[in-house]
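Grab a pencil and open the viewer. Here is a small set of exercises to work through by eye before you peek at the solutions.

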Amino acid sequence: MAPPRSQIRPGLTVDIVQKQDQASGRLTRGVVAALLTRSPSHPHGIKVRLTTGQVGRVQVVVSPTGGE
């Protein structure tokens with residue numbers, strides 16, 4: 001299950017699935033720049049924008065403490 005919005009914040013390293021990768025399930029790792037989903041949870045994951053500009057839904061929080 002994808003993590004809720006409360007566990008995601010800018011600066012965290014996460015794995016996202018981008019729209020074009022949903023069928024394959026390919027994950028992209030990056031640092032959260034902005035949260036785009038306003039609701040506290042979403043069945044497919046909270047949508048975020050990474051610092052690279054890529055947009056996708058969070059599947060895994062890689063560094064829950066901000067890279068420590």
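What follows is a run of exercises on this predicted model, each with a worked solution.

**Exercise 1. Work out what secondary structure the chain has and in which order it comes.**

Step one: count the elements. The chain has 0 helices and 4 strands.

Step two: read along the sequence, and you get β-β-β-β.

**Exercise 2. Check the radius of gyration of the chain against that of a compact globule.**

Start with the chain length, 68 residues. A compact globule of that length would have a radius of gyration near 11 Å, and the chain has 11 Å, so the two agree.

For a feel of the dimensions, the C-alpha atoms fill a box of roughly 30 × 25 × 20 Å along the principal axes. On the surface side, about 4,200 Å² is exposed, with carbon and sulfur atoms supplying 50% of it. As for burial, 34% of the 68 residues count as buried.

**Exercise 3. Trace the strand pairings and say what the sheet forms.**

Take the pairs one at a time.

- S1 (13–17) and S2 (residues 28–35) run antiparallel, joined by 4 bridges. Two pairs to look for are Thr13 opposite Val31 and Val14 opposite Gly30.
- S2 and S3 (47–50) are antiparallel too, over 3 bridges. Here Leu35 of the chain faces Val48 in S3.
- S3 and S4 (residues 55–61) pair antiparallel over 3 bridges, and Lys47 stands opposite Arg57 in S4.
- S1 and S4 pair in the antiparallel sense over 4 bridges; Val17 has Arg57 in S4 as its bridge partner.

Now put it together: the strands make a closed barrel of 4, running S1-S2-S3-S4 with antiparallel pairing. Neighbouring strands of this sheet are turned by 75° against each other on average, direction ignored.

**Exercise 4. Find the hairpin formed by S3 and S4 and describe its turn.**

Go to the end of S3 and count on to S4: 4 residues sit between them. Then check the backbone in the turn, where Gly53 has a positive phi of about 95°.

**Exercise 5. Sort the residues of S3 by face: which are covered and which are uncovered?**

First, the general idea: in a regular strand the side chains alternate between the two faces of the sheet.

Next, apply that to residues 47–50. Val48 and Leu50 are on the covered face, while Lys47 and Arg49 are on the uncovered one.

Then follow the covered pair inward. Val48 and Leu50 both belong to the largest nonpolar core.

**Exercise 6. List the largest nonpolar core and say which strands feed it.**

The background is that in soluble globular proteins, nonpolar side chains tend to be buried together.

Step one: collect the members. There are 10 residues in all: Ile8, Leu12, Val14, Ile16, Val32, Ile46, Val48, Leu50, Val58 and Val61.

Step two: assign them to strands. S1, S3 and S4 each supply at least two residues of this core.

Step three: try one member, Val58. Beyond four places in sequence, Val58 touches Ala2, Pro3, Ile8, Val14, Asp15, Ile16, Gly45, Ile46 and Val48.

Step four: look at the contacts of the whole chain. Among those with a separation of 6 or more, 48% are between residues 24 or more positions apart.

**Exercise 7. Is Asp15 buried or exposed, and is Ala34 buried or partly exposed?**

Begin with Asp15, which lies in S1. Its relative accessible area is 10%, so Asp15 is buried. That goes with its strand: 4 of the 5 residues of S1 are buried, so S1 is largely enclosed by the rest of the structure. Leaving out residues up to four places away, Asp15 touches Leu27, Thr28, Arg29, Arg57, Val58, Gln59, Val60 and Val62.

Turn to Ala34, found in S2. With a relative accessible area of 22%, Ala34 is partly exposed. The cut-off for buried is under 20%. Outside its neighbours within four places in sequence, Ala34 is in contact with Val48 and Arg49. One last distance to try yourself: the C-alpha atoms of Ala34 and Pro3, 31 residues apart along the chain, are separated by 16 Å.

Methods
Residues numbered from 1 in each chain as written. Predicted model: local features only at pLDDT ≥ 70, side-chain atom pairs only at ≥ 80, totals over all residues. Heavy atoms only, no water. Rg over C-alpha atoms; globule rule 2.2 N^0.38 Å. Buried < 20%, exposed > 50% of the residue type's maximum accessible area, 1.4 Å probe, protein only. Contact = heavy atoms within 4.5 Å. Areas by Shrake-Rupley, 256 points an atom, 1.4 Å probe, with all protein chains shown as cover. Pairing = 2+ DSSP bridges. Core = buried A, V, L, I, M, F, W, Y, C linked by side-chain atoms within 4.5 Å. Axes fitted to C-alpha atoms, helices over the stretch in contact; angles between N-to-C directions.
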